[in-house]
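This report covers the nonpolar core, strand pairing and a surface patch of the structure shown below.

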Amino acid sequence: MTPEVGRLELTGDLSIEVDGAPVQVTARGGDVDVVADDVRGFVLGLRAAATARTGTRPGRADVGTLAGALADAGLTARLRSPSQDVVTVGAGVDSALGGLLLGTRLARPDAVGVLRASGRAREVEAGLALALVLLGVTASRRLGLRRRD
């Protein structure tokens, strides 16, 4: 039998560094916000710490356990980059996408945030930016050539 947990009310601010990248944790009432400059590095650091502690790499079931514990305590946690939400877990969350991707409806991933937080996505964004610049240069040159005619 699992002991019942009462609702928690939190207040606090914490600044840490994970592998040299700043992470800010802010808690007010039942809301916990974790803002990481390097979300991917932060998640990899958490995974490594959990693996070292338990001897097994955390997976989807662990996300569900964490989300359930937060919901039971009346807490909602948001992981975000400075400009984009990545995932929200805990109380008040009901996401079919979270159930599909993370194994629990108590986790709501933000598709754009998840993509932007990944290393591959940063490479794709850089490639798209370069392609847009080249397209703009090409269009400008063609317009310039047409104006001369």
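In this predicted model, the largest nonpolar core holds 18 residues, and the members that touch the most others are V23, V34, F42, L79 and V89. Two or more residues each come from the strands β2 (21–29), β3 (31–36), β4 (76–80) and β5 (85–90) and from the helices α1 (39–54) and α2 (60–72). In soluble globular proteins, nonpolar side chains tend to be buried together.

V89 is one of these highly connected core members. Leaving aside residues up to four places away in sequence, V89 contacts A67, L70, L75, T76, A77, L106 and A107. Of the six residues in β5, five are buried, and the strand is thus mostly covered.

β5 has pairing partners in β4 and in β6 (residues 107–109). The two pairings are set out here.

| Strand pair | Sense | Bridges | Opposed residues |
|---|---|---|---|
| β4 and β5 | antiparallel | five | A77 and V89 |
| β5 and β6 | antiparallel | three | T88 and R108 |

β4 and β5 make a hairpin, with four residues between the strands. A77, which faces V89 across this pairing, is also among the contacts of V89.

Some nonpolar side chains lie on the surface instead. L97, L100 and L101 make up a nonpolar patch there, with a joint accessible area of about 290 Å². L101 belongs to helix α3 (residues 96–102). Is L101 buried, partly exposed or exposed? L101 counts as partly exposed because its relative accessibility is 48%, and that class lies between the cut-offs of 20% and 50%.

Technical notes:
Residues numbered from 1 in each chain as written. Predicted model: local features only at pLDDT ≥ 70, side-chain atom pairs only at ≥ 80, totals over all residues. Heavy atoms only, no water. Core = buried A, V, L, I, M, F, W, Y, C linked by side-chain atoms within 4.5 Å. Buried < 20%, exposed > 50% of the residue type's maximum accessible area, 1.4 Å probe, protein only. Contact = heavy atoms within 4.5 Å. Patch = residues over 30% accessible without salt bridge, like charges linked within 9 Å, V, L, I, M, F, W, Y side chains within 5 Å. Areas by Shrake-Rupley, 256 points an atom, 1.4 Å probe, with all protein chains shown as cover. Salt bridge = Lys/Arg side-chain N within 4 Å of Asp/Glu carboxyl O. Pairing = 2+ DSSP bridges.
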